[in-house]
Amino acid sequence: MKRFSTAFLIGIGLLFSCKEKKIADTLFELMPSEKTGVAFENTLISSDSLNILEYLYFYNGGGVAAGDINNDGLVDLYFAGNQVSNRLYLNKGNFQFEDISESAGVSGEGGWSSGVTMADVNGDGLLDIYVSQVGNYKGLVGKNRLYINQGENKFEDQASVYGVDFFGFGTQAAFLDYDRDGDLDMYLLNHSVKSPEVFARANQRNEPNQLGDKLFKNLLSEGKTGFEDVTESSGIYSSILGFGLGVGVEDVNGDGWPDIYVSNDFTENDYLYLNLQDGTFKESLESLVSSTSRYSMGNDLADLNGDGLPEIFTTDMLPRDPEIWMKSVGEDKAEVYEIKKQFGYADQYVRNHLQLNQGENGFSEIALFSEVYASDWSWSPLIFDMDNDGLADIHITNGIEKRPNDLDFIQYSQQADPKLTRKELLENQINLLPTVKLPNLSFQNQGNLQFSDQAINWGLDQPSYSNGSTYADLDNDGDLDLIINNLNQPAFIYQNHSEKSGNSFLRINLKAKGNNTFGMGAKVGVYFAGKSLFQQYSGTRGFLSGTASTLVFGLGKALALDSISVNWPDGTEEVFLKKSINQTFTLNQGEGKTASKTAIRSKEATFYPEISWTHQETNTLDETKREYLIPKSFASMGPAVAVGDVNGDGLDDIYLGGAKDQSGTLFLQNIDGTFLEKKSEIFAQFARAEDVIAAFADLNGDGHLDLYVGSGGNEHLSGALFKFDRIFFGNGKGDFLFSPMSLPRLGENTSTLAIHDVDGDGDLDIFVGSSVVSGDYGASPKSVLLINQGNGTFQDKTKEWFGTDIDFGMVNSAVWADLNGNRISSLIFTGDWQGIRIFEIINGKKLQEQAMSGLEYSAGWIQSLAVADVNGDGKLDILTGNLGLNSKLKASQEKPVWLYHGDFDENGQADPIIFHYMGDQLVPFASRDELIKQIPAIKRKHSSYQIYAEKARPTDLFEDATLAKITKQAAYEFRSGAYLQQTDGSYVYEPFPDQSQLSPIFSVSWDESKKSVFLGGNFSGFRVDLGTNLASAFGSFHWKENAWTSINFGNTIPSKSEIRNLSTIRVNGNNYRVAASNSGPLYWIKLD
Amino acid sequence: MRNLKFMLFSGILLIAVSCAEPVDYSEAITDGQYINEAQDRITEVIIHDIFSPPVAARIYTYASLAAYEVAASVDPNYVSLMGQLNGSEKTSFKPSEKVYPPLASLAAYYYVGTAMIFSEEMMNEHRDATFATLKKKGIPSEVFEASVAFGKEVGDAIKAYSSKDNYHQSRSFPKFTVTGEEGTWQPTPPAYMEAIEPHWNKIRTFVLDSASQFKPLPPPPFSTDPNSKFFKVAKEVYDMDIAATKEQKETALFWDCNPYKMNVKGHVMFAEKKITPGGHWMSIAAIVSKADGRDWKGVAEVFALTGISLNEAFISCWDEKYRSKLIRPETYINQHIDEQWVPLLQTPPFPEHTSGHSVASAAAAYTLAQLFGDEFHIVDSSEVAYGLPIREFDSFSQAAEEAALSRFYGGIHYRPAIEYGITGGRDIAAYIWTKVDTKPKNVATN
């Protein structure tokens, strides 16, 4: 008995301590509805007449809006319901709410409600409520409602009086003063139900439809009641292509005027409307953004990095759990991707997108870098400082009760049954849709634009099907509580306990002049400790939801403020010299100090040279047609660039090698710094060749520069005529003569040239690297050492120098350098799937590989190498341009990415299979469908996607005997950076800063005069599931005090250009770098 | 103890007696019942594994050929096809005394059929159940084993033969490239699948001297001019769809034979799978063989010859499809006549000219007519399991012509593709009958 009671007590104790612990330890606490009085649950019942097949957005759920409807200083909540009534909860303080829906008259009149937004539409200082509903459709009867606040907690639907009783498929409204006349206008987001699976020409978006999106101008400031439909004259698309699921309003380009972002589901692009300040908008997505979410759901626009410019976040449906990922629909197959392009749609990928605002350079998409790209079937993203540490975090709701993207369901669920009618068969299908309930995501900002999910630690990990969400400081304690509208589950109200963290905060209420009483659209900046934070009061955020007018800033450990700035909706800017923290300030327009408008610095008219030449990549080659699993194209590696004084006038001239069917061109520099094309028949004759690399050097020893041009393109098989490299002898006057006998006939995909007098006989020899075997990615192409016979003819002496067993692997870049200072040069090269390899000349006869400490894990996808003494310690260091971190492929020493290459199915073609770690499982990067396409017999190993998804290692997929025959190569390091040579000859890796890891670097070069490294990046040739990567075209960094610091040089490089080469050139007495772009012109970087 | 010994002894005696007593199992398999069931299972697996129509025809053919070669090895009234078919070598299989030929034939069918598909488990399960049933009919285990072994021996020869038809290599041939050239094929809604089997003309033919031996007439020259022949044949498809009668619609749906129709509603999509055109005709072959009372050897013959006819039809048709690479009515009509138009049937993922169903149906019908006489009352229940009704025909040619026309009713083919398809299919089968024999020459002339 005694024993029993002890055990019992311990048990009780455990129970208590667990419960205590949970409450005490987590940042957020789920408040029980019995306490809050918020009983709202968006209960949804699928029926024969209304279900996901009858209405495609059956499971999209409802929104929630926060706002103080009675101006008592407590934020109230309004929930939108689909089959249940909408509910308005009055905040009574202390997390207690009262349902006043019926007395307030805001229940939605039985309609299917989607989105809800609160705004003071009529300028009376009271928040009104706009609700979007589905009109007459399959038994649903509704229309959009504008509940005008009558005071005393009473509302009246005056949508028809105001001319906004839209009847169709309403998603949500956003309010903004787009014309700065002092009242709030309305963007009405709607969706379509027209079969989205049949692609329509993208230019159909120009054809207005009554069901499309709308822009309404408020006539309040004109002294009238109501709105005018100005859609047609405003530049807003209003077609049936729009499946609008999210709308966000912020000043995207920092001009003080509100811009609009619309996320569209299915094939239609998202829209980014820039306000032209004249009552119209210009849709500018494709000029500012390189890719978007494909099935864009909700969005949020807010500043994540304190530069005052909002980032854009959109949600999609890529699973986060590896097993779910492997059995769910992924990216478009290459052919579907192409079709969408043909129909005129922009680049879209099935994952969340985080568009980093780079000001006039547009946006860099960094979701893969930031690790926020996958959050399963996601709806509402909210960017806000969840833990008040001064860094904005991202909360994402997710979940769909019936998962349509399950591949087993799509491919295998349907069973023919003659007894079923068509209708019964379809209903049966709904029942077969799989169900998975997951927790929402809570991405904590780590401070470097990288995020990690804290759902469990923060107590936000309750499984749910969550749709709309909002944040608000419900208890006025200086942190943002979280409110989530769930399907078939009570709404979540989470109390934020940041008050216990010791982090300070600031709460700001705005009082604007005119009819926009709460200052909707105002941007508030908070300055402290050399930092700045910005928020705009937008009122429409996430998915179908809206936030309150009180702006809450987390300040971390700040002790005092410097000042607060407000950009009011009418364009005026004021500064409030508030110092104290942990306060609520009400800022009245006109009471601050008028900010001295920072004069827009007129751009200095910098002189840049001009060469009228554009690389024209007309290549239609699609390597995936013959190699279904190839990870990237090698058809866009040019242009080739060589700089040198070819006519002895002391001025740099330039050779530019064209793409296929584009002749190489030689430009001679004139004394005034202009360039004149030197016509040459001989270059035109080789126009068919895709030139990717070129170099000037005196190859025949006559004292004049000769020209070596290397060809690639990966189109023709090895040995094809136009893949032969070529040597042209120069006569010192700018004329070049083709020397047909100079080179052995190689015909590989040349990638790099490294020129050096290898045998010490006084002439120049050449190492010619090759990147890929045409038709066989992963195999080792033939790279060669060409020994000069003294007269500019070369012989392949690879075996003599490297031995017969040499395997160069895939070579992207090679250089000669005397790394160890012994006056004997070494060949340094690397490429895909191999580390930096160093071969030293031994006795002037042999090249022998040297294993270098610190380079063991340097293997990645290095495209470019350079050697320089970066830190001035007298030791040469090795600089690398690599894949970067903004990729789905993530590599580390512990979890490398593997290439398994070999003829898995013994059909005469080798198959390159990339394995990567998802969690602790080493699984193919390719989808099951893609693997089957390449290796049909693999289907025998897994009869379903579920079984495939359970495969955890290569041996689960292939026989040991098969795996024994194939080659395995690892990539451990995808970051670009510098291997710094130590005094003992070993290397220590120092990656470049994060902002240079956002794109693959194709050109890395060191400038000794500026002690800076130049990085040229961007690449659009990845396979569809890796996606284009155009997040960073150019960067330059200076090594200072043992760290890289960004250093700016004037340049003309557009942010989406793909830079392949950065050559030094002196023009008119000034030093430049000429940046050669693929499929584009030359750009310039001014050094002096 | 003694008692126990005695009991044991008598027990052994009892077993020995029961073993010794010979059961007549010669009637265990007489007709085509078991091979029909095995074929039905292969059809299910083909559907599950999503094999395209040309590949499906190849699977049926090799499996049937294996079954037939066992029959030919035991009955001098049948002539081995090995040695007659392209790339095959004459074989002379000698079954041991113990072999029960109909079981060996069935075993060969399962053995080769299973090697041709992915979901082997589905096949093995079915085979094991069938074998268990047969064992209960008293086939002694040594007979059973010998029969299965002989089936495997013949099957291995057929597998070796099949392995050289370039199918395996063709899995890695380049995918079809959509050029976007005017008038050429583009992927079609809603799945926008890539064009399947663009290199099927590189698969070895069984009888034809080449894939292009029966090259059909080309389609009318592409044009968007409303007065052109091409516009008119496209408009005809469009008008047909609008004017289609209930009977025509039913005909189209009956012969849809789409192994992979993608249903899409918003974010929800699921594949709906039916038997392939070849599968449908193999089923008709089984139905009429049964109705005609063919024995197991006769059924194997019917299957093998029908399979070969279908296979050659698909190779010839696919050769033309990727020669003319013609745009589908759905794409053309959406571009030039009605942007919203959707055909009654879902457009299959390969170029238009000629109609595969037309070529295959005409070829199969010709061969079945040779075997049974054209006038034959067919009660076609092939599609019942897939929710479609029974349809009856009075002749093979009637069924084939209806199948061909159904593609026009369904809005997925222009009329020339159907007309040239029927001609091509017939010519191909007629040629096959001049080149191969299943009956000894002297018997055939009697």
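**Exercise 1. Find how confident the predictor is in chain A and in chain B, and locate a weak stretch in each.**

Solution. Begin with chain A of this predicted model: its pLDDT averages 94, and 97% of the residues score at least 70. Next, look for the exception, which is found over residues 1–23 of chain A, where the pLDDT is below 50 and where the stretch has 2 contacts in the model beyond near neighbours in sequence. Then turn to chain B, which averages a pLDDT of 93, with 94% of the residues scoring at least 70. Here the pLDDT is below 50 over residues 4–20, a stretch that has 0 contacts beyond near neighbours in sequence. Finally, add the scores for the model, which are ipTM 0.90 and pTM 0.94.

**Exercise 2. Describe the side of chain B that touches chain A, by number of residues, by element and by class.**

Solution. First count the residues: chain B gives 33 to the contact, and chain A gives 35. Second, sort the side of chain B by element, and α5 (120–136), α7 (167–170), β1 (261–265) and β2 (268–272) of chain B appear as those that give two or more residues. Of the elements, β2(B) supplies the largest share, 5 residues. Third, sort this side of chain B by class, which gives 15 nonpolar, 9 polar and 9 charged residues.

**Exercise 3. Work out the strand order of the open sheet of 5 strands in chain A, and name its edge strands.**

Solution. Follow the pairing from strand to strand, and the order reads β35-β34-β37-β38-β40 in chain A, with antiparallel pairing. To find the edges, look for strands that pair on one side only, which leads to β35 (531–536) and β40 (593–594) of chain A. As a detail, take strand β34 (residues 523–528) and strand β37 (residues 563–567) of chain A, which are joined in the antiparallel sense over 5 bridges. Within this pairing, Tyr527(A) has Ser563(A) in β37(A) as its bridge partner.

**Exercise 4. State how domain 1 and domain 2 of chain A are placed and how they meet.**

Solution. Start from the bounds, since the domain assignment of chain A gives domain 1 as 28–399 + 436–511 and domain 2 as 897–968. The C-alpha centres of domain 1 and domain 2 of chain A lie 41 Å apart. In the contact, 6 residues of domain 1 of chain A meet 10 residues of domain 2 of chain A. By class, the side that belongs to domain 1 of chain A holds 3 nonpolar, 1 polar and 2 charged residues.

**Exercise 5. Identify the residues that touch the most other members of the largest nonpolar core, and examine the surroundings of Ala1075(A).**

Solution. The largest nonpolar core has 298 residues, and those that touch the most other members are Ile129(A), Tyr187(A), Ala694(A) and Ala1075(A). Strand β54 (residues 826–842) of chain A contributes the largest share of this core, 8 residues. At least three residues of the core come from each of domain 1 and domain 2 of chain A. Leaving aside neighbours within four places in sequence, Ala1075(A) has contacts that include Phe1034(A), Leu1062(A) and Trp1084(A). Apart from this core lies another, of 120 residues, among them Val288(B) and Phe314(B).

**Exercise 6. Decide whether helix α12 of chain B is mostly covered or mostly open, and find what its buried residues pack against.**

Solution. Count the buried residues of helix α12 (residues 329–336) of chain B: 6 of its 8 residues are buried, and the helix is mostly covered. Among them are Pro329(B), Tyr332(B) and Ile333(B). The buried residues of α12(B) pack against α8 (229–243) of chain B.

Note on methods
Residues are numbered from 1 along each chain as its sequence is written. Chains are lettered from A and ligands numbered from 1 in the order in which they are written. This is a predicted model: local features need pLDDT of at least 70, side-chain atom pairs count only at pLDDT 80 or more; totals for chains, interfaces and linings use all residues. Two residues are in contact if their C-beta atoms, placed from the backbone, lie within 7 Å. Helices (H or I, at least four residues) and strands (E, at least two) are DSSP runs, numbered from the N terminus. Ala, Val, Leu, Ile, Met, Phe, Trp, Tyr, Cys and Pro count as nonpolar, Asp, Glu, Lys and Arg as charged, and the others, Gly among them, as polar. Two strands pair if DSSP finds at least two bridges between them. pLDDT is the predictor's confidence in each residue, from 0 to 100. Domain bounds come from an automatic or database domain assignment. A nonpolar core is a set of buried Ala, Val, Leu, Ile, Met, Phe, Trp, Tyr and Cys residues joined through C-beta atoms within 7 Å. A residue is buried if 20 or more other C-beta atoms lie within 10 Å of its own, exposed if 12 or fewer, and partly exposed in between; C-beta atoms are placed from the backbone.
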